[in-house]
Amino acid sequence: MEEIRDEEVQDEAVMNQQTANSSSGNEDESQDVAAGEQNGSANAAKKETQTGGPEQTVQSKDSEDAENSTDSEAEESADSGQTADPSEETGKKSFFGKKKKDKKDQQIEELTDRVQRQMAEFDNFRKRSEKEKAAMFEVGAKSVLEKILPTVDNFERGFANLTEEQKQDAFAQGMEKVYRQLLTSLEGIGVKPIEAVGQPFDPNFHNAVMHVEDEEAGENVVVEEFQKGYLYRDSVIRHSMVKVAN
């Protein structure tokens, strides 16, 4: 009987030890699970702090997309700038606000300006040549007329010495007609006599060879003409030789 009781006591002790071991094992497992959960939460927190959380990851992705888009736009603009049409480059404004000109346009403007200058120079040369020719013709005409005027003077002196009877002579009348014809021809080419008697003295047209005091005449007035003066196209061929009063 005593042996049976000892065996029962030993069995109960074994069972109690097994239950104790099982309970301690359960507690260890629960502790391990709790520790694993704590480690997992800590690792997740670390990952979130490193990556900045889900919102920061989205923002980083958006920023990366924006940077990629700007890089692609810059590359496209660079490619478009390299392949741009030269005509568009000419439309760009320079530093001073003026449009850049193409080389062809500059050459056209330079050639146009050169042609215009040459045409202006030729026109000036033509006008200058015409003036020189006119001046040379005038000088030549004056030299010829100066040689003819003494003949006119001789006609006038001859007619001034004729009496009334001699003027009625056919020969004198014929000579007078030749004289009138000569004056008409000279007038036709622009030769005119200078008015002297009764006019104020003008050194541009008159050559004073005598001076007289005359109360009836005005001051500095031509009272007598010794030799006629003539104009050719408003230029003096020969000055009038006159007497001036007062």
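Is Val 209 buried, partly exposed or exposed, and what relative accessibility places Val 209 in that class? In this predicted model, the relative accessibility of Val 209 is 43%, and the residue therefore counts as partly exposed. The class follows from the cut-offs applied, because buried denotes under 20% relative accessible area and exposed denotes over 50%, with partly exposed in between.

Val 209 lies in strand β2, which spans residues 206-212. On the surface, Val 209 joins Met 210 and Phe 226 in a nonpolar patch. Together, the three residues of this patch present about 260 Å² of accessible area.

The wider setting of these residues is the fold of the chain, which contains six helices and six strands. In sequence order, the elements follow the pattern α-α-α-α-α-α-β-β-β-β-β-β. The chain has 246 residues, of which 13% count as buried. Its accessible surface amounts to about 19,900 Å², and carbon and sulfur atoms contribute 51% of that area. Among contacts with a separation of 6 or more, 60% are made by residues 24 or more positions apart.

Within the strand region, β6 pairs with both β2 and β3. Strands β2 and β6 run parallel and are joined by six bridges. In this pairing, Ala 208 stands opposite Val 242 of β6. Strand β3, comprising residues 221-227, pairs with β6 in the antiparallel sense over five bridges. Val 242 also appears in this second pairing, as the bridge partner of Glu 225. Val 242 of β6 is thus placed opposite Ala 208 and is bridged to Glu 225.

The burial of β6 was examined next. Five of the six residues of this strand are buried, so β6 is largely enclosed by the rest of the structure. Lys 243 is located in β6, which covers residues 240-245. With a relative accessibility of 16%, Lys 243 counts as buried, because the value falls under the 20% cut-off.

The surroundings of Lys 243 were then considered, leaving aside its neighbours within four places in sequence. On this basis, Lys 243 is in contact with Met 210, Val 212, Val 221, Val 222, Val 223, Glu 224 and Phe 226. Two of these contact partners, Met 210 and Phe 226, are also members of the nonpolar surface patch that includes Val 209. The buried Lys 243 is therefore in contact with residues of the patch to which the partly exposed Val 209 belongs.

Notes. Residues numbered from 1 in each chain as written. Predicted model: local features only at pLDDT ≥ 70, side-chain atom pairs only at ≥ 80, totals over all residues. Heavy atoms only, no water. Patch = residues over 30% accessible without salt bridge, like charges linked within 9 Å, V, L, I, M, F, W, Y side chains within 5 Å. Areas by Shrake-Rupley, 256 points an atom, 1.4 Å probe, with all protein chains shown as cover. Salt bridge = Lys/Arg side-chain N within 4 Å of Asp/Glu carboxyl O. Helix = DSSP H or I, 4+ residues; strand = E, 2+ residues; numbered from the N terminus. Buried < 20%, exposed > 50% of the residue type's maximum accessible area, 1.4 Å probe, protein only. Contact = heavy atoms within 4.5 Å. Pairing = 2+ DSSP bridges.
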